[in-house]
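Work through the exercises below with the sequence and coordinates open. Try each task before reading its solution.

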Amino acid sequence: MTPLRWLWAALAVWGAVHPMAWFIAWFRTEGWSLGGMIDAWYVNAATTGLTWDLTIAAITLTLWVLVEVAVRRNWEALLAIPATFCIGVSCGLPLYLFLRARPVR
């Protein structure tokens, strides 16, 4: 495995673990309500802007993955889509780059 693939893998793990630690801390403080967390994403203009920024990035990444999978037939790269929407762009993007960087058979 190339050093760049190791970097993508490390960033995908970091992008899954680090934000999740903050989400879990929030849930412990505010209660285990997904609706409450979604409400917090729109509590002010700054968080609303960040929410839309990440939403647009997630949609863009999803379209990129779908187009490239259609061309390259790298079906494993589709794993980046649920990673993006279930964990976040900080995990989905480096995961996709990790999966894309491998030789396709």
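The exercises go from the overall fold to helix packing, aromatic rings and single residues. The model is a predicted one.

**Exercise 1. The fold**

Task: Find how many helices and how many strands the protein chain has, and give its pattern along the sequence.

Solution:
- Start with the secondary structure. The protein chain has five helices and zero strands.
- Write them in sequence order. The pattern reads α-α-α-α-α.
- Take the extent next. Along its principal axes, the C-alpha trace spans about 45 × 25 × 20 Å.
- Then check burial. The chain has 105 residues, and 29% of them count as buried.
- Finish with contact range. Take the contacts between residues at least 6 apart in sequence: 53% of these join residues at least 24 apart.

**Exercise 2. Helix 1 against helix 5**

Task: Decide whether helix 1 is roughly parallel or roughly antiparallel to helix 5, and list the residues that make the contact.

Solution:
- Locate the partners. Helix 1 covers residues 3-30, and helix 5 covers residues 89-100.
- Fit the axes. They come within 8 Å and cross at roughly 160°.
- Apply the cut-off: angles over 145 degrees count as roughly antiparallel. Helix 1 is therefore roughly antiparallel to helix 5.
- Add the hand. Helix 1 passes helix 5 in a left-handed crossing.
- List the contact. Helix 1 supplies Arg5, Trp8, Ala9, Leu11, Ala12, Gly15, Ala16 and Pro19. Helix 5 supplies Ser90, Cys91, Pro94, Leu95, Leu97 and Phe98.
- Look at one pair across this contact. The charged end of Arg5 sits over the ring of Phe98, 4.0 Å from the ring centre.

**Exercise 3. Helix 3 against helix 5**

Task: Repeat the analysis for helix 3 and helix 5: are they roughly parallel or roughly antiparallel?

Solution:
- Fit the axes again. Those of helix 3 and helix 5 come within 10 Å and cross at roughly 20°.
- Use the cut-off: under 35 degrees counts as roughly parallel. So helix 3 is roughly parallel to helix 5.
- Check the hand. This crossing is left-handed.
- List the contact. From helix 3 come Leu54, Ala57, Ala58, Leu61, Trp64, Val65, Glu68 and Arg72. From helix 5 come Val89, Gly92, Leu93, Tyr96, Leu97 and Arg100.

**Exercise 4. Aromatic rings**

Task: Count the aromatic pairs. Then classify Phe27 with Trp32 and Trp64 with Tyr96.

Solution:
- Set the rule: ring centres must lie within 6.5 Å. By this rule there are three aromatic pairs.
- Take Phe27 and Trp32. Their centres are 5.0 Å apart, with 10° between the planes. Planes under 30 degrees apart count as stacked, so this pair is stacked.
- Compare accessibility within the pair. Phe27 is buried at 14% relative accessibility, whereas Trp32 is exposed at 63%.
- Now take Trp64 and Tyr96. The centres are 5.0 Å apart and the planes lie at 65°, so the pair is edge-to-face.
- Place this pair in the fold. Trp64 is in helix 3 (residues 45-72) and Tyr96 in helix 5, so the pair ties together parts 32 residues apart in sequence.
- Check its accessibility. Trp64 is partly exposed at 34%, whereas Tyr96 is buried at 2%.
- Group the rings. Trp26, Phe27 and Trp32 form one aromatic cluster.

**Exercise 5. Single residues**

Task: Place Gly35, Ala40 and Arg73 in the fold, and say which residues Ala40 touches beyond four places in sequence.

Solution:
- Begin with Gly35. This glycine lies in helix 2 (residues 34-40). Its relative accessibility is 39%, so Gly35 counts as partly exposed.
- Set Gly35 against Ala10. They are 25 residues apart in sequence and 31 Å apart in space, C-alpha to C-alpha.
- Move to Ala40, also a residue of helix 2. At 28% relative accessibility, Ala40 is partly exposed.
- List its contacts. Leaving out residues up to four places away in sequence, Ala40 touches Trp26 and Thr47.
- Set Ala40 against Pro82. The sequence separation is 42 residues, and the C-alpha to C-alpha distance is 22 Å.
- End with Arg73. This residue lies in the loop between helix 3 and helix 4 (80-86). Its phi is near 60°, a positive value in a residue other than glycine.

Definitions and conventions:
Residues numbered from 1 in each chain as written. Predicted model: local features only at pLDDT ≥ 70, side-chain atom pairs only at ≥ 80, totals over all residues. Heavy atoms only, no water. Phe/Tyr/Trp six-rings, centres within 6.5 Å; stacked < 30°, edge-to-face > 60°. Buried < 20%, exposed > 50% of the residue type's maximum accessible area, 1.4 Å probe, protein only. Helix = DSSP H or I, 4+ residues; strand = E, 2+ residues; numbered from the N terminus. Lys NZ or Arg CZ within 6 Å of the ring centre and 35° of its normal. Axes fitted to C-alpha atoms, helices over the stretch in contact; angles between N-to-C directions. Parallel < 35°, antiparallel > 145°, perpendicular 65-115°, else oblique. Left-handed = near helix turned anticlockwise from the far one by under 90°. Contact = heavy atoms within 4.5 Å.
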